[in-house]
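I opened this entry to look up where aromatic rings meet and how the nonpolar interior is put together. The structure goes here first, and my notes follow.

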Amino acid sequence: MKFESILEETDGFGRYQIALVLLMYIPRIPIPCHFLLNNFIAAIPSHHCNISSLGSEGIFGNLTREERLTVSIPVQDDGTPASCHMFSYPQFHLLSNSSSPSEVAVVQCQNGWEYDNSTFISTLATQFDLVCEKRGLAKASATIFFVGVMAGAVFFGVLCDKYGRRSMLLVSYVSSIVFSVVSAFSSNYIMFAAFRFLTGFALTGIINISFVLSIEWVDTKHRTFIGVFGSISWSLGNMLLAGFAYLVTDWRMLIITVTSPLLLATAIWWWIPESARWLIANGKAETAYKYLQKCATFNKRRDFTSRVKLEALSTVMTVEQQGHSYTYLDLFKTPQLRRLTLFTGIVWYGVASTYYGISLNITSFGLDLYLTHFIYAAIEVPAKILIYFSLNKVGRRITQTGTLVLTGFCILINIITPTGLEYWTFRTVIAVLGKGLSEASFTTVFLYTTELYPTVMRQNGVGYTSFMARLGASISPLIMLLEDTWKLLPEVIFCTVAIFSGLIAWLLPETNNERLPETIEDIEEMRKKPINFTTEDQSNIPLKLPICADTTQ
């Protein structure tokens with residue numbers, strides 16, 4: 001007997017499944033907040049050298065604040081005080097414009113910096129003086145976080161298969177709260193970076209397990225819907241982050257604020273069921289049967305116990321029972337699978353690099369920081385709804401290629417468009433459109449990847465591509481540091497990566513309305529003859545028990 005057949009007897013998409021998906025929304029809300037938190041906690045406000053010590057020595061006399069800045073700090077081309085340099089000694093003659101500032105010797109700031117606190121009370125930059133030669137450390141904190149996410153994917157991927165989804169979900173909740181709070185009270189940058197790494201590490205468990213639990217309790221024909229619907233939680237959390245950051249302008253309190261929903265998630269953890277699939281695969285059929293009974297009762301399928309007996313669970317087929325264990329090395333052993341692995345890795349890297357390159361660079365258009373972030377988040381909702389229909393009508397390959405290439409062209413248009421006020425509206429529209437397309441490419445690649453890899457290697461394939469995605473996300477903040485070399489260089493790189501990865505996606509096979517490949521041999525034959533499948537056909541395919549592979553943006 002197939003598990004899908006048993007799940008159908010409980011109503012594979014009833015009130016029980018809907019309630020579970022909604023319960024999983026609560027812990028998933030903080031995820032995008034943490035992933036894009038650097039837009040606010042690592043913001044670098046306007047600053048200049050601290051000259052208060054000179055005033056305390058009585059050097060300035062009765063000079064106003066503006067006059068003190070004039071004689072102490074050189075002026076940049078835009079008329080604002082220099083951020084990282086000051087005169088070696090006060091230049092009082094500048095008050096009468098008797099000399100050009102370019103002729104006066106300057107030195108680096110000697111006594112720290114003064115920051116503009118009109119937007120943020122405190123950020124990492126103002127707390128730990130991450131400006132000038134240390135400016136890169138602020139953006140590097142995002143890279144450190146994503147490296148933690150990569151490490152956590154491997155850790156929780158193993159343990160949630162060994163100890164169960166539900167127990168490891170609680171571990172993820174508690175550790176995420178602890179590490180986040182400790183990072184918020186860090187006394188130095190090293191301590192913050194270490195606990196930020198651990199926060200990313202712990203959050204990965206929530207990301208992966210919540211997604212897997214939702215999918216494992218839903219029947220086959222509703223998995224695409226649940227995947228898209230569940231991903232909207234990312235957009236909602238992203239929009240909420242803009243509001244949280246607007247109201248809470250201290251970086252320590254902002255971290256605590258975006259983490260607080262996990263307290264509620266921990267309180268309702270008792271209502272979360274264990275995966276019946278996992279229980280059956282691990283010889284706990286009796287416990288699985290109890291959960292299935294609860295599901296059937298909640299969905300008003302009162303005849304479940306008469307139609308499905310406990311003994312039937314022992315006959316459930318899973319791929320693990322077929323006696324062969326596959327590893328990541330098997331992805332590269334045969335020609336067609338090796339080609340598929342190479343191309344999907346490039347596509348995932350391009351999707352993630354482009355998405356985070358846009359999402360973590362919300363100040364480049366000169367718009368309001370909070371409004372830009374909110375608009376960027378809000379555009380994701382209609383993008384996901386539209387992509388749901390596009391995936392079924394147009395197909396996976398065209399959708400994946402189109403969204404990536406068009407994202408690249410949106411970036412290109414803003415590269416060549418002047419930055420004057422008269423182009424403000426046009427640049428904003430193009431930027432928002434590009435953000436929506438990048439989100440659409442992310443939503444597409446999740447579904448596309450699961451359909452490309454054979455059942456016996458699907459989790460290994462998803463794990464590998466997820467690693468490539470985290471690699472792209474980790475490198476994106478570092479690429480943005482190249483703007484010091486050439487202002488447009490990061491955008492040129494993201495544009496090139498998006499278009500190139502989109503063209504690579506065109507080389508992948510179409511999977512819409514085709515039977516899912518089961519073995520490596522199916523991949524090597526490259527689906528020479530497309531085979532449409534029905535729900536009944538799919539229910540007879542023995543499914544591999546999904547591991548907790550990384551399944552988030």
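I began with the rings, keeping in mind that this is a predicted model, and found that ring pairs join Phe35, Phe145, Phe146, Trp234, Trp348, Tyr355, Tyr356, Phe442 and Phe446 into a cluster.

I then looked up the total, which is 30 aromatic pairs in the structure. One of them is formed by Phe13 and Phe225, an edge-to-face pair with 5.9 Å from centre to centre and 85° between the planes. This pair links distant parts of the chain, since Phe13 sits in the loop between helix H1 (3-9) and helix H2 (15-28) while Phe225 belongs to helix H11 (residues 223-247), 212 residues apart. I also checked accessibility: Phe13 counts as partly exposed because its relative accessibility is 21%, where buried would require under 20%, and Phe225 counts as partly exposed at 34%.

Next I looked for charges over rings, and noted that the charged end of Arg166 sits over the ring of Trp269, 4.0 Å from its centre, and that Arg397 lies over the face of Trp506, 4.4 Å from the ring centre.

Turning to the interior, I found that the largest nonpolar core has 128 residues, and that Phe35, Phe40, Trp217 and Tyr356 have the most contacts inside it. Helix H17 (residues 335-359) gives the most to this core, with 11 residues. Apart from this core lies another, of 6 residues, among them Val21, Ile215, Val218 and Ile232.

Last, I followed Trp217, which, leaving aside neighbours within four places in sequence, is in contact with residues including Leu7, Tyr16, Leu20, Pro273, Tyr291 and Cys295.

Definitions and conventions: Residues are numbered from 1 along each chain as its sequence is written. This is a predicted model: local features need pLDDT of at least 70, side-chain atom pairs count only at pLDDT 80 or more; totals for chains, interfaces and linings use all residues. Side-chain values use heavy atoms; hydrogens and water are left out. Rings of Phe, Tyr and Trp (its six-membered ring) pair if their centres lie within 6.5 Å; planes under 30 degrees apart count as stacked, over 60 as edge-to-face and the rest as tilted. Helices (H or I, at least four residues) and strands (E, at least two) are DSSP runs, numbered from the N terminus. Buried means under 20% relative accessible area, exposed over 50%, partly exposed in between (1.4 Å probe, protein chains only). A charge sits over a ring if NZ of Lys or CZ of Arg is within 6 Å of the ring centre and within 35 degrees of the ring normal. A nonpolar core is a set of buried Ala, Val, Leu, Ile, Met, Phe, Trp, Tyr and Cys residues joined through side-chain atoms within 4.5 Å. Contact means heavy atoms within 4.5 Å.
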